[in-house]
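Good morning, and thank you for the time on today's agenda. Please bring up the sequence and the structure, and I will begin.

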Amino acid sequence: MSSNEIPSREVARRVFADEFNDAAFTFKESDDDRAPVYALLPTGGKANRVFFVGTLTEKDDVGEDNEYWRGRIVDPTGTFFVYAGQYQPEAASTLRDLEPPAYVAVVGKPRTYETDDGGVNVSVRPESIQVVDAATRDRWVVETAERTVDRIGAFDDEGNEYARMAREEYDLPTDRYVESAVSALESVEESDGDALGVGGDADADLQPEP
Amino acid sequence: MSDLRTHAAEIAEQFSDHLEVTDDEVEDRLRNLVEEYRVPVEEARRSVINSYLDEAGLEREELGRGGNEEIRLADIDQDEQWVDATAKVVELWEPRSDSVAQVGLLGDESGRTKFIAFETSDLPELEEGAAYRLGNLVTDEYQGDFSVKLNRTTTIEKVDEEIEVGDDAVSVEGALVDIQSGSGLIKRCPEEGCTRVLQNGRCSEHGDVDGEFDLRIKGVLDDGETVYEVIFGRETTEELTGITLDEAQQMAKDALDTTVVVEEMRADLLGTYYRVSGPELGRYVLADAVERLTERADPEAVLIKARSI
C-alpha cells in the first residue's frame with residue numbers, strides 16, 4: 001500500500017456486549033494526532049468502529065444544560081450503552097423519538113471513560129441508530145457469533161499481534177466468550193425469529209465492571 | 001539442440017513480414033554464437049534479433065510480435081505483457097489529462113478491462129460500441145487492477161463481430177453502515193458528456209450551471225472484516241428505496257429542501273443487510289442488482305464451529 005493513498009474507512013467490527021464492555025484498553029498505531037484510536041478486543045482484535053443490533057430497552061436524557069441521551073441496548077450477552085448529544089444530532093434525535101422496546105441497529109465508535117472508583121467503562125458514541133426488524137437482529141447475532149468464534153480460533157496463532165496484546169493487557173480467558181457466543185446462538189435457534197424478546201440473563205442489565 | 005531450433009523458428013516467424021529468412025539460417029547464426037563463442041542462449045537470441053532488425057531497418061518496437069498471445073481480458077494477470085485481444089469498446093470516458101487521447105472500457109466474453117491510448121501514439125480513434133482486433137497491447141497494473149495500454153505499434157482492425165460482453169460482476173454482502181454525502185436527490189452537470197455531480201449548483205469543470213436532477217446512493221457495506229463502497233445509480237436507488245425520481249423531487253419541493261430525500265433513505269436502509277452485485281471500478285462496486293438479505297439466519301453451522309473450540 002502506498003503512503004499517498006486515501007486513508008481507508010475503518011471496518012465496523014462485530015462484537016457482543018459482554019466482550020465489548022471488557023475492551024477497556026485503547027491504543028493508537030501511529031503517533032499522528034489524527035491516527036485512529038482502537039479498542040483492544042479481549043478475543044484478539046481491534047475496533048475503531050462497531051456495528052451491533054439489539055433491543056433498546058431504556059432511554060434517558062441525562063444531560064444537564066443540553067440534551068444528552070443515553071440508551072441501553074441489549075443483546076443476548078449483555079448491554080451496550082450509547083451516548084448521543086449535540087455532536088451526534090441524528091442519533092440523538094432518533095433516541096428522543098424512539099419508544100422502547102425496539103430493535104435498533106447502531107454504527108458507532110467505542111469510547112472509554114474512567115469512573116470515580118478508578119474503573120473504566122466502555123460505551124458507544126453512535127454515528128447512526130436505526131430501527132430494524134427481528135430478522136436483521138437474528139442475522140447480526142449469528143454473524144457476530146461467527147466473527148467472535150473466528151477470533152478465538154485464531155487466538156493462539158503465531159503472529160497474532162492483537163491476541164498477544166490481549167494476553168498482556170487483560171486477564172480474561174477466552175472460554176467465557178465462546179460460552180456466551182454459544183448461548184447467543186442457542187437463543188436464536190429457540191426463538192421464532194419474530195418475537196421481540198430481550199435475551200440474556202438477569203444481570204445483563206447491570207453495567208459490567210471493567 | 002532442438003532448443004535452438006525452437007528459438008530459430010520463433011525469430012524467423014517474427015521477421016516473416018519483413019525479411020526472407022529461413023529457420024535454418026537463423027539456427028546457424030544462433031549455433032555459431034552459442035557453440036563457437038560460448039554466448040548464453042538468451043544473449044545470442046538478442047544479438048541475432050538485433051542484427052535482423054538492422055537488416056530490415058526496423059525498430060525493436062515495430063517488430064510484428066507474431067508470438068503475442070490472443071488473450072481473454074479476464075485472464076490478464078501480469079504487468080507489462082504484450083498481448084492481442086479482440087474486444088468491443090463498451091464505454092468511452094472523458095480523458096482527465098491532455099496527454100490521453102482515449103480512455104474507457106473494453107469488453108469481451110470474459111469480462112471488462114480499462115484501456116488507455118495516449119496522444120503521442122497517434123492512433124486512429126476507437127468508436128464506442130464497435131468491435132476491434134487489437135494487436136500489440138501492453139498490460140498494466142495499478143493496485144491489483146489490470147488494464148491495457150495502446151501504443152504506437154498497436155494495430156487496430158475493426159471487426160464485424162457481435163461481441164457479447166461478459167459479466168465480471170462481483171457480489172458482496174454486508175450491513176449498510178453508512179450513506180455518504182452526495183447521495184439522495186442530486187443535480188448533475190447538463191453539459192454534453194459531463195455528468196459531474198454539482199456542489200452548491202457548481203460543476204467543478206463548467207462552473208454555475210442549471211443542473212439536472214438525478215438519484216443515487218453512495219453507500220458503505222460492511223461485513224465486519226471488509227468495507228465495500230457501493231454506488232447505486234438511479235434505477236437501483238429507486239428499486240432499493242421505493243422512491244422514484246419524480247417522488248423525490250416532489251418531497252424536496254414540499255420540504256423546500258433536497259436533503260429530506262437522503263434522510264428518508266438513511267432511515268429506511270441503514271443497519272440492514274444487503275447483497276449487491278455489479279462490476280468493480282476502482283474502489284467502488286457499481287450496483288447492477290441489489291437484494292435485501294431476508295432469509296432466516298441459520299445458527300447451526302456457527303454452533304458447530306463454536307463447540308469445536
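I start with one helix-to-helix contact between the two chains. In helix 3 of chain A, the residues A:Val142, A:Ala145, A:Glu146 and A:Val149 meet B:Val302, B:Lys305 and B:Ala306 of helix 7 of chain B. Sorted by class, this contact of helix 3 of chain A with helix 7 of chain B comprises 5 nonpolar and 2 charged residues, with no polar ones. I should say at once that this is a predicted model. Its scores are ipTM 0.86 and pTM 0.69. For chain B the mean pLDDT is 88, and 96% of the residues of that chain reach 70 or more.

Let me turn to the geometry of the pair. Helix 3 of chain A covers residues 134-153, and its axis and that of helix 7 of chain B come within 10 Å, crossing at roughly 25 degrees. Angles under 35 degrees count as roughly parallel, and helix 3 of chain A and helix 7 of chain B are therefore roughly parallel to each other. Their crossing is left-handed.

Which helix of chain A has an axis that crosses helix 7 of chain B at roughly 155 degrees? That is helix 5 of chain A, residues 175-190, and here too the axes come within 10 Å. Angles over 145 degrees count as roughly antiparallel, and helix 5 of chain A is therefore roughly antiparallel to helix 7 of chain B. The crossing of helix 5 of chain A and helix 7 of chain B is left-handed. From helix 5 of chain A, the contact draws on A:Val178, A:Ala181, A:Val182 and A:Leu185, and from helix 7 of chain B on B:Val302, B:Leu303, B:Ala306 and B:Arg307. By class, the contact of helix 5 of chain A with helix 7 of chain B has 7 nonpolar residues, no polar residues and 1 charged residue. B:Val302 and B:Ala306 take part in the contact with helix 3 of chain A and also in the contact with helix 5 of chain A.

Next, the interface as a whole. Between the chains, 27 residues of chain B are in contact with 32 residues of chain A. On the chain B side, at least two residues each come from strand 8 (170-179), strand 12 (212-222), helix 6 (259-269) and helix 7 (300-307). Helix 7 of chain B gives the largest share of that side, 5 residues. The side of chain B that touches chain A is made up of 14 nonpolar, 5 polar and 8 charged residues.

Strand 12 of chain B leads on to its own hairpin. Strand 12 of chain B runs antiparallel to strand 13 of chain B, residues 227-232, and 6 bridges join the two. Between these strands the hairpin has 4 residues, and B:Gly224 takes a positive phi near 90 degrees. B:Ile217 stands opposite B:Phe232 of strand 13 of chain B. B:Phe232 also has a bridge partner in strand 16 of chain B, namely B:Ala287. Strand 13 of chain B pairs with strand 16 of chain B, residues 284-287, in the parallel sense over 4 bridges.

I close with chain A. There, 3 strands in the order 2-3-4 form an open sheet with antiparallel pairing. Strand 2 (26-28) and strand 4 (45-47) of chain A are at the edges with a single partner strand each, so one side of each has no neighbour in the sheet. Neighbouring strands of this sheet are turned by 45 degrees against each other on average, direction ignored. Helix 4 of chain A, residues 161-169, lies across strand 3 and strand 4 of chain A, at about 75 degrees to strand 3 of chain A.

Conventions. Residues are numbered from 1 along each chain as its sequence is written. Chains are lettered from A and ligands numbered from 1 in the order in which they are written. This is a predicted model: local features need pLDDT of at least 70, side-chain atom pairs count only at pLDDT 80 or more; totals for chains, interfaces and linings use all residues. Two residues are in contact if their C-beta atoms, placed from the backbone, lie within 7 Å. Ala, Val, Leu, Ile, Met, Phe, Trp, Tyr, Cys and Pro count as nonpolar, Asp, Glu, Lys and Arg as charged, and the others, Gly among them, as polar. Two strands pair if DSSP finds at least two bridges between them. Axes are lines fitted to C-alpha atoms, for helices over the stretch in contact, and angles run from 0 to 180 degrees between N-to-C directions. pLDDT is the predictor's confidence in each residue, from 0 to 100. Angles under 35 degrees count as roughly parallel, over 145 as roughly antiparallel, 65 to 115 as roughly perpendicular and the rest as oblique. A crossing is left-handed if the near helix is turned anticlockwise from the far one by less than a right angle, and right-handed if clockwise.
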